[in-house]
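Here is a short briefing on the pockets of this protein and one of its sheets. Keep the model open while you read.

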Amino acid sequence: MLLRYFYDRALAQASYMVGCQSCGEAMIIDPARDITPYLEAAQQEGLRIAHVTETHIHADFVSGALELAVATGARLYLSAEGGDDWTYRWADDETVLLRDGDRIAFGGVRLDVLHTPGHTPEHLAFVLTDVAGADAPFGIFTGDCLFVGDMGRPDLLETAAGVVGSKEIGARGQFANMQRLRAMPDYLQVFPGHGAGSACGKALGALPSSTLGYEKRFNPAFQFDDEAAFVDWLLAEQPETPPYFAQMKRVNRDGVMLLSNLSSLRQLDPVWLPGILDKGLLVIDARPLAAYAAGHIAGTVNIPQGDKFNTYAGYLINYTQPYYLIAEADAMAEVARLLHAVGADRLDGYWTPESLHFDMMLPGVTPDTAAPRINSGDAWLLDVRGQSEYDARHIAGAHHLPLPLLARHIDTLPREQPIIVHCASGLRSQIAASYLRARGFTDVTNLSGGIDGWRAARQAVVEG
């Protein structure tokens with residue numbers, strides 16, 4: 001048996017290849033939309049991708065299950081456990097629909113199916129056995145049920161898909177899952193669907209895998225015997241739900257467009273840019289923070305290419321409208337790949353920085369200069385960090401609106417008063433500041449260094 005691990009840093013998302021060298025076949029579990037890594041790995045190992053499955057209908061990225069099945073001719077295995085609302089509407093007669101207790105087997109590989117509702121109603125886990133060399137399981141692909149150091153959040157169906165009352169049902173489901181996992185052998189390897197940085201939990205560990213024994217001892221979820229206490233713990237302090245999660249749930253349930261059917265990227269004439277901005281359409285400038293601050297085109301929004309680029313873009317993109325990019329030509333393929341990963345498929349064109357003239361600056365303000373303005377009420381301080389970050393420490397007098405919620409609640413912010421935006425270090429606040437300026441806020445500055453810089457300058461913060 002062969003096991004390969006794939007990890008997308010931008011989405012903190014893990015997927016897996018399980019192969020059997022004796023029969024020459026492989027299965028991919030929870031594939032991302034870009035299937036190139038799986039095709040390359042299978043070729044390197046001399047395997048044919050014959051089986052594709054996933055643990056659940058994902059909310060944070062576009063599934064590559066259909067993409068991979070079409071490219072390879074592999075058979076699809078999908079959950080049939082979601083009820084009328086959360087079954088795969090694009091499954092066809094060739095799709096194998098899975099229920100609790102079912103089994104997938106090829107060569108010397110066996111995966112036993114567990115229905116683990118909680119994170120989502122249709123969620124499955126797969127218990128892996130190398131039957132060629134053992135008569136007991138080796139590990140379990142837990143998807144978004146169990147992470148290293150955490151359990152998957154149960155509130156996304158309510159906060160992303162609008163199913164009122166479902167988060168408590170999900171939390172009780174996760175309690176039942178925890179008890180079921182607790183009864184399984186300690187030696188089982190745990191292969192989760194996400195790592196640290198994912199919004200599918202609140203305190204995911206950075207290690208790529210664990211064991212059930214380790215999780216039973218150190219994961220907070222396993223320290224509860226009382227269901228009510230567990231539910232309260234699991235629902236508390238979950239991160240803000242990214243607004244694009246609702247789009248991902250719909251796409252992955254109803255049907256994903258194949259990448260080959262998307263329009264080719266086109267480089268646009270600069271003369272088109274003013275008219276596009278006048279229409280209020282989003283133009284993302286993917287250059288670094290410093291380059292954008294030193295010079296940009298008014299009305300564009302700075303989201304620098306890097307870790308979480310597509311997550312931040314998903315916060316601000318209107319999925320019903322076309323949008324545009326400013327990026328280096330040799331970076332466009334990667335930028336587009338990242339955006340397609342979160343279903344931002346209405347990318348209508350791009351400009352290179354060399355083709356444009358940047359005549360606007362985004363001013364920054366130091367903590368020492370900002371403090372008297374904030375204290376006197378001359379400036380309105382906006383904190384765009386997450387709720388847990390704000391609760392841990394914040395600047396006195398700061399108004400809190402997390403970046404994922406900014407576009408939805410922009411009308412609650414004062415347009416007649418200067419705004420100073422801050423985050424932890426300056427990245428999210430520059431994204432927010434550029435977005436506010438693009439939406440007509442004329443006096444917006446970025447706090448240099450964020451709250452970390454504020455503390456380094458010995459300015460006071462409210463702790464806890």
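The points below cover two pockets and then a sheet. The model is predicted. The largest pocket has a volume of about 810 Å³, and the second largest holds about 430 Å³.

**Largest pocket**
- Its lining counts 40 residues.
- Nearest the centre of the largest pocket lie Gly197, Ser198, Pro239, Lys308 and Tyr315.
- Three helices, α10 (309-316), α13 (387-392) and α14 (427-438), each give at least two residues to this lining.
- By class, the lining of the largest pocket has 20 nonpolar, 10 polar and 10 charged residues.

**Second largest pocket**
- The second largest pocket has a volume of about 430 Å³, and 28 residues line it.
- Closest to the centre of this pocket are Pro243, Tyr315, Ile317, Asn318 and Tyr319.
- Two or more lining residues come from each of α7 (245-254) and α10.
- Helix α7 supplies the largest share, four residues.
- The lining of the second largest pocket divides into 17 nonpolar, eight polar and three charged residues.

**Shared by both pockets**
- Tyr315 is listed among the residues nearest the centre of the largest pocket and among those closest to the centre of the second largest.
- Helix α10 contributes to the lining of the largest pocket and to that of the second largest.

**Four-stranded sheet**
- The sheet is open, with parallel pairing and the strand order β16-β15-β17-β18.
- Strands β16 (301-302) and β18 (347-351) form the edges, each pairing on one side only.
- Three bridges join β17 (residues 323-326) to β18 in the parallel sense.
- Leu325 has Tyr350 of β18 as its bridge partner.

Key:
Residues numbered from 1 in each chain as written. Predicted model: local features only at pLDDT ≥ 70, side-chain atom pairs only at ≥ 80, totals over all residues. Heavy atoms only, no water. 1 Å grid on protein atoms, 1.4 Å probe; cavity = no way out; pocket = protein on both sides within 12 Å on 5 of 7 lines; lining within 4 Å. Points joined across faces, edges and corners; volume = space filled by probe spheres on them. Nonpolar A, V, L, I, M, F, W, Y, C, P; charged D, E, K, R; others polar. Pairing = 2+ DSSP bridges.
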